[in-house]
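Welcome! Let's take a friendly tour of a protein chain together, going from the overall picture to single residues. Keep the view open as you read.

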Amino acid sequence: MTKLFISDLHLDENRPDIAELFLRFLRENTKDAEALYILGDFFETWIGDDNLTDFNVMIMEALKTATNQGLPIFISHGNRDFLLGKKFLNATGCKLLPEEYVVGCYGTPILLMHGDTLCTQDRAYLKFRKKVRNYFVQQLFLWKSLAKRKKIADDYRTKSQKKMSTLPDHIMDVTADEVFNKMQKHGVQHLIHGHTHRQAIHEFILNNKPATRTVLGAWHEFGNALVCENSGKRSFIEIK
Ligand code: LP5
Ligand code: MN
């Protein structure tokens, strides 16, 4: 038995190749899995559950087929798709994870997060995040037409891309102190997150005991997933 973890697929109709990888992953890599965890930024952007494009419907149907066949799928909000809501969850059978969630992994408690809130040096982003995670700001956005919402999301993306090209690398990475804070808060020795796209398993000492921080990679060129086996082994697989 295994538990699977993926994030940052950034599914987008302009990249049908990534969607194809994901569909293949569902068909071929989930046979022994007792659960799939998607830790945010599954979609490139999500402007509301009513944006039922052919592409979005095709992905939602694939999720529905998988959950119907008995694969529990848990999904967290990322900084691109935090508007995934009840209608999406009802249509797909996916369950929404809270921002910070401790999963029992064959006897080992592991903290799951998207990872954006670990980047505490990125003050401008945290300010932006506070604004767009406000319930009323979101309702105002959702009242707009799909065309207007798409334009706003595209503008955010352009601004974000411009800004990222000027930021030093370390600002966009997690802050070590914040990683320790979150792990201490939840009393865990292990953390899995995405967002930074810097795929790795970092090993360190926390409270005089071995600890790990596993960073899931993005699916820009090929897919990748972390496989946690019931033997305790944790490793990455590539989906090509
Ligand atoms: O996404 P990524 O990884 O490239 O960069 C992130 C941060 N950027 C973002 C923005 C997203 O890319 C785009 C969001 C799309 C949302 C769709 C729904 C819209 C709903 C809106 C209302 C409810 O998250 C980036 C980080 C980076 O990670 C590393 O951690 O640095 O942060 C930013 O770039 C944010 C800037 O610092 C501030 C942006 C200010 C935008 C100003 C307003 C634009 C006005 C346009 C509207 C008319
Ligand atoms: Mn992200």
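Is asparagine 208 buried or exposed? Asparagine 208 is exposed, because its relative accessible area is 76% and anything over 50% counts as exposed. Please keep in mind that you are looking at a predicted model. The points below are grouped by topic, so you can follow each one in the 3D view.

**The chain as a whole**

- The chain is built with 7 helices and 11 strands. Its radius of gyration is 18 Å, close to the 18 Å that the globule rule gives for 240 residues, so the chain is as compact as a globular protein of that length.
- If you lay the C-alpha trace along its principal axes, it spans about 55 × 45 × 30 Å.
- Buried residues make up 48% of the 240 in the chain.
- Take the contacts in the chain with a separation of 6 or more: 65% of them join residues that are 24 or more positions apart.
- On the outside, the chain exposes about 12400 Å², and carbon and sulfur atoms supply 53% of that area.
- The chain carries 33 positive and 29 negative charges, and the mean positions of the two groups are 6 Å apart.

**The manganese ion**

- Which protein residues are donors of the manganese ion (ligand 2)? They are Asp41 (OD), Asn79 (OD1), His114 (NE2) and His195 (ND1), and they lie 2.0 to 2.3 Å from the ion.
- Along the chain, these donors follow the spacing D-x37-N-x34-H-x80-H. Aspartate 41 sits in the loop between β2 (33-38) and α2 (54-68), while histidine 114 sits in the loop between β6 (108-113) and α4 (123-132), so this pair ties together parts that are 73 residues apart in sequence.
- Aspartate 41 is buried, with a relative accessible area of 1%. Histidine 114 also counts as buried, at 3% relative accessibility.
- Histidine 195 is found in the loop between β7 (190-193) and β8 (200-206).

**Two residues with a positive phi**

- Most residues other than glycine have a negative phi.
- Histidine 195 is not a glycine, yet it has a positive phi of about 75°.
- Asparagine 208 is not a glycine either, and its phi is positive at about 65°. You will find asparagine 208 in the loop between β8 and β9 (209-215).

**Three more residues to find**

- Where is threonine 2? Threonine 2 is in strand β1 (residues 2-6), and it is buried because its relative accessible area of 12% is under the 20% cut-off. Beyond its neighbours within four places in sequence, threonine 2 is in contact with several residues, among them Asp32, Tyr106 and Val227.
- Lysine 131 belongs to helix α4 and counts as partly exposed, at 47% relative accessibility. Setting aside its neighbours within four places in sequence, lysine 131 is in contact with Val137 and Tyr156. Between the C-alpha atoms of lysine 131 and phenylalanine 43 the separation is 20 Å, with the two residues 88 apart along the chain.
- Proline 168 lies in the loop between α6 (146-164) and α7 (176-186) and counts as partly exposed, at 39% relative accessibility. Proline 168 and methionine 58 are 110 residues apart in sequence, and their C-alpha atoms are 38 Å apart in space.

Methods
Residues are numbered from 1 along each chain as its sequence is written. Chains are lettered from A and ligands numbered from 1 in the order in which they are written. This is a predicted model: local features need pLDDT of at least 70, side-chain atom pairs count only at pLDDT 80 or more; totals for chains, interfaces and linings use all residues. Side-chain values use heavy atoms; hydrogens and water are left out. Helices (H or I, at least four residues) and strands (E, at least two) are DSSP runs, numbered from the N terminus. The radius of gyration is taken over C-alpha atoms; the globule rule is 2.2 Å times the number of residues to the power 0.38. Buried means under 20% relative accessible area, exposed over 50%, partly exposed in between (1.4 Å probe, protein chains only). Contact means heavy atoms within 4.5 Å. Accessible areas come from the Shrake-Rupley method with a 1.4 Å probe; for residues, only the protein chains shown count as cover. Lys and Arg count as positive and Asp and Glu as negative; His and the chain ends are not counted. The place of a charge is taken as NZ of Lys, CZ of Arg, CG of Asp or CD of Glu. Donors are N, O and S atoms within 2.8 Å of the metal (3.2 Å for Na, K and Ca); water is not among the atoms, so sites may look incomplete.
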